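Reader: I would like a close look at a single part of this structure, taken slowly and with each term given its cut-offs. Please start from one polar contact and work outward from there.

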Amino acid sequence: MGVIARHRERLPVTAATPELTLGEGGTPLVPAPRLSEQLGCELHLKCEGLNPTGSFKDRGMAVAVAKAVEEGSSGVVCASTGNTAASAAAYAARAGLPALVLHPTGAVATAKLAQARAVGARVLAVRGSFDDALAGCRELADSGSHTLVNSLNPYRLQGQKTAAFEIVDDLARPPDVVAMPFGGGGNLCAYALGFGELEDDALLVGCESSERATTLASAIRIAAPVHRDEVDGLVDSGRVRVETVDDAEIVDAWRELATLEGVFCEPSSAAGLAAVKKLDLEPGSVVVCVLTGHGLKDTDAVGLLTETPVEVDANLDSILAEVA
Ligand SMILES: *Cc1c(COP(=O)(O)O)cnc(C)c1O
């Protein structure tokens, strides 16, 4: 069952909205015992990389593309650092709509573009940044030919808010803190929406890179977040706190998630943990880190962050010379 079927009563869908799904949502909430001990809290990992195209974007895309179909759209367009493209392309293919993807040239992980290309999206590499690509998409969408499925599309946030419901269900209590990366800020706003509907006041922590325009965490390489004003408003009302971390802190968190807990996410997804490590937590707090995308999305990053395997001969001496 996908997010539309599972959360229908909390979504702006009608009898005319197709129940478009690739099986998104219902992702596991995995306890993190070693990190919990280290941090003096009860840490859980919401593994959004297990969505159909490997990121949380699928929750929002199921709803946004279903509404586009309902509204008679003739195609969808998005700007993307990679995961939006992979998701939009898959849901558009599923719905029988053409998808057009604009990405900043040279700045997107190969696997993410492979996903978009494999399902038949038209992919254009824009000379410029993510922000430039988004400006181009907005112009195209305003001209009326395509539906924009970036997080400016309000149905994206509606779909993404469903993760908040699942977290509260799985914990059987509201968490104290929920931390996630802050790229464009759409997901942070979506969680605020979801927890707000539950009248739950968990503190939401958004983690942005101090190197926004250049961070190695390519999914949050966004210089001008489109939801900045909404996030500022949530900060002013005390719902959200924004932490800033550098790449070294993101890489440390990424490595700890992988080596201490066996959970392999893409580098940006570790930003939430990097932020949690900076908080002054009440002992025993229930904390959730949202791991936004799967590690296999960005294997180039693994090449940079780990040692290259050593070559050996297939005999005991040669092997023991390395591992003894
Ligand atoms: C899109 C994305 C983000 C950033 O989400 P925003 O809603 O733009 O803040 C973070 N991590 C991953 C893996 C993503 O795909």
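Author: The side chains of T162 and R59 make a polar contact with each other at 3.1 Å, a polar contact being a pair of N or O atoms within 3.5 Å, where within protein one atom must be able to donate a hydrogen and the other to accept it, and where residues adjacent in sequence count only if both atoms are side-chain atoms. The model is a predicted one, in which local features need pLDDT of at least 70 and side-chain atom pairs count only at pLDDT 80 or more, while totals for chains, interfaces and linings use all residues. Residues are numbered from 1 along each chain as its sequence is written, and side-chain values use heavy atoms, with hydrogens and water left out.

T162 belongs to helix α8, where helices (H or I, at least four residues) and strands (E, at least two) are DSSP runs numbered from the N terminus. With a relative accessible area of 0%, T162 is buried; buried means under 20% relative accessible area, exposed over 50%, and partly exposed in between, with a 1.4 Å probe and protein chains only. When neighbours within four places in sequence are left aside, T162 is in contact with V3, H7, L11 and R59, contact meaning heavy atoms within 4.5 Å.

The helix around T162 is enclosed as well: eight of the 10 residues of α8 are buried, so α8 is largely enclosed by the rest of the structure. Those buried residues are T162, A163, A164, F165, E166, I167, V168 and L171. Just after α8, A172 takes a positive phi of about 60 degrees.

One of the buried residues of α8, E166, has a relative accessible area of 6% and forms a salt bridge with R59, the closest N and O atoms being 2.9 Å apart. A salt bridge here is a side-chain nitrogen of Lys or Arg within 4 Å of a carboxyl oxygen of Asp or Glu. R59 is thus a partner of T162 in a polar contact and of E166 in a salt bridge. E166 also meets K46 in a salt bridge, at 2.8 Å from N to O; K46 lies in strand β2 and E166 in helix α8, so this pair ties together parts that are 120 residues apart in sequence. K46 counts as buried, at 0% relative accessibility.

A second charged pair, K277 with E256, has its closest N and O atoms 2.7 Å apart, and it links distant parts of the chain, with K277 in the loop between α12 and β10 and E256 in helix α11, 21 residues apart. K277 is partly exposed at 35% relative accessible area, whereas E256 is buried at 18%. Salt bridges that share partners join R6, K46, E48, R59 and E166 into one network. By this rule the count comes to 14 salt bridges.

The setting of α8 can also be described through the domains, whose bounds come from an automatic or database domain assignment. Domain 1 takes in 3-55 + 155-305, and domain 2 takes in 57-153. The C-alpha centres of the two domains lie 21 Å apart, and 45 residues of domain 1 are in contact with 38 residues of domain 2. About 3300 Å² is buried between domain 1 and domain 2, with carbon and sulfur atoms giving 56% of that area; buried area is the accessible area (1.4 Å probe) that two parts lose on being put together, summed over both. In domain 1, L20, Y155 and R156 lose the most area to domain 2, together 27% of what that side buries.

Between domain 1 and domain 2 the count is three salt bridges, and the rule finds 23 residue pairs in polar contact across the interface, both residues being at pLDDT 80 or more. On the side of domain 1 that touches domain 2, the elements that give two or more residues are α1 (3-6), α7 (154-160) and α8 (162-171), and α7 gives the most, with five residues.
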